[in-house]
Amino acid sequence: METIEKFRLDTRDWLIANCPESQRQPIIKDQQIWGGRRRSFYCEDAKLWFERMRDRGWTAPSWPTQYGGGGMSSEQAKILDQEMKALGCRPALYDIGLWMFGPALLEYGTEEQKQEHIPKIVRGEIRWAQGYSEPSAGSDLASLKTRAEDKGDHFLVNGTKMWTTQGDKSDWIFCLVRTDNDAPKQQGISFLLIDMATEGVLARPMELINGDLEFCQTFFDDVKVPKNNLVGKLNEGWSVAKALLKYERNMMSIMSSIVEKEEGDIVAIAKHYVGLDSSGKLANNSLRSQLTEHLMRAQGDALNALRLYQQHKSGVVDGGLGLTLKYLSTSEQQHKDELLLAIMGNRGLSWHDPIFSKSEKKTVKNWAYNKAHTIAGGTSEIQLNIIAKKALQLPS
Ligand SMILES: Cc1cc2nc3c(=O)[nH]c(=O)nc-3n(C[C@H](O)[C@H](O)[C@H](O)COP(=O)(O)OP(=O)(O)OC[C@H]3O[C@@H](n4cnc5c(N)ncnc54)[C@H](O)[C@@H]3O)c2cc1C
């Protein structure tokens, strides 16, 4: 049997031989490769890298091979991840299906559903959106009103979903729908998969404060959905929803701690804008302490993210860690954004004016956008309530 050390060496050799040089640079948002029917590549190298990873099932290294995944053990997947990081290889594919929906479907889906949907996620053929929130159901998600009526051979869906990330660019959406109006709130909800090309589905983009059009309001108007698109049992979708939210929170805490930050090294930025004193230190005592505190907290979050990631790979997860880390890492990103603006002084005041550099404008836009991180996947206030109850076992 292949030893784990040989596996590491073979993996490293393969990555060196197959990952183009241009795909070993820190990733920037505009160059991420998202899956889907409208998938596109900004350059040939990105396409090649994606196809090579896809063909080995390494876009989803630990998913079973019968669904197109890499079939790796948790230890092997960890090694692949370590080797990719060491060589600076970019993730070959980005998709909500990979991070959130796929893991939940592997847990709750029927064999037929797994055969149908999992390989398309691995191969980046279908892009998934999340249809949970509604105009009056965010934190209190169980009060959702989008309804699916049983029409014999299909469900008829009517209602609207809010904040659907990239809804207009997605192919399918997993939705929470009300299937029993009389049952207590959480017990009348089902988990339904809807092809967004179905007649009656409309995803309308909304402009954010930073000018991005990343979110949609999604409308369902007499949408016919086949019965076999129900995941889990009728009226028991809340369990699937909760499992998926767990994957979402973990993804958010890991991403905000270890993804490459576009704004670059904050110490170098501070030196550039604030300058150095005669002893070569940053010429602002108070800023120096704030920066040190930020760097210490960020390092703590990064180490905890690594711990969480490794717990996932080993299959023994401390639920409290994911809950706490999502709260801490998203708050820390916002501290960093505030600090960056303070460092930049009056250079951090605009995002339109041509007298400001591209990176200055981008930093200000990121500051505005990153406010969303303490809202998405459950707000910080809700997160603190959950930590109090589940991680600390405090009375409600
Ligand atoms: C970047 C981003 C991406 C998103 N993507 C998606 C997506 O793809 N699909 C999707 O379905 N949804 C998505 N959402 C929606 C997200 O899940 C909701 O915004 C979130 O759950 C909060 O709901 P809400 O916006 O309705 O706020 P509300 O629930 O109305 O909350 C408003 C304020 O009241 C506070 N609050 C509410 N209840 C309590 C309480 N019990 N105790 C203390 N404070 C409370 C909240 O913390 C918040 O500060 C996304 C949101 C963001 C920001």
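Biologist: Which element gives the most to the shell around the ligand, and with how many residues?

Modeller: Strand E3 gives the most to that shell, with four residues. The model is a predicted one, and the ligand environment may be read from the shell inwards. In total, 18 residues surround the ligand, and the closest are Ser133, Ser139, Thr165, Thr379 and Glu381.

Biologist: How do the residues of the shell divide into nonpolar, polar and charged?

Modeller: Eight are nonpolar, nine are polar and one is charged.

Biologist: Which polar atoms lie within 3.5 Å of the ligand?

Modeller: A polar contact here is a pair of N or O atoms within 3.5 Å. By that criterion, a backbone N or O atom of serine 133 is 2.7 Å from a ligand oxygen, and a polar backbone atom of tyrosine 132 lies 2.9 Å from an oxygen of the ligand. Asparagine 385 instead places a polar side-chain atom 3.4 Å from a ligand nitrogen. The ligand taken alone exposes 980 Å², of which the protein buries 65%. Strand E1 (128-131), strand E3 (154-165) and helix H11 (380-391) each give two or more residues to the shell.

Biologist: How should one read the buried residues of a helix such as H10?

Modeller: An α-helix has 3.6 residues a turn, so residues three or four places apart point the same way. Helix H10 comprises residues 358-369 and reaches 16 Å from first to last C-alpha, close to the expected 16 Å. Its buried residues are Glu360, Lys361, Thr363, Val364, Asn366, Ala368 and Tyr369.

Biologist: Against which elements do the buried residues of H10 pack?

Modeller: They pack against strand E7 (215-226), helix H7 (266-274) and helix H9 (319-344).

Notes
Residues numbered from 1 in each chain as written. Predicted model: local features only at pLDDT ≥ 70, side-chain atom pairs only at ≥ 80, totals over all residues. Heavy atoms only, no water. Expected span 1.5 Å × (residues − 1). Buried < 20%, exposed > 50% of the residue type's maximum accessible area, 1.4 Å probe, protein only. Contact = heavy atoms within 4.5 Å. Near = heavy atom within 4 Å. Polar contact = N/O pair within 3.5 Å; in protein donor to acceptor, adjacent residues only side chain to side chain. Areas by Shrake-Rupley, 256 points an atom, 1.4 Å probe, with all protein chains shown as cover. Nonpolar A, V, L, I, M, F, W, Y, C, P; charged D, E, K, R; others polar.
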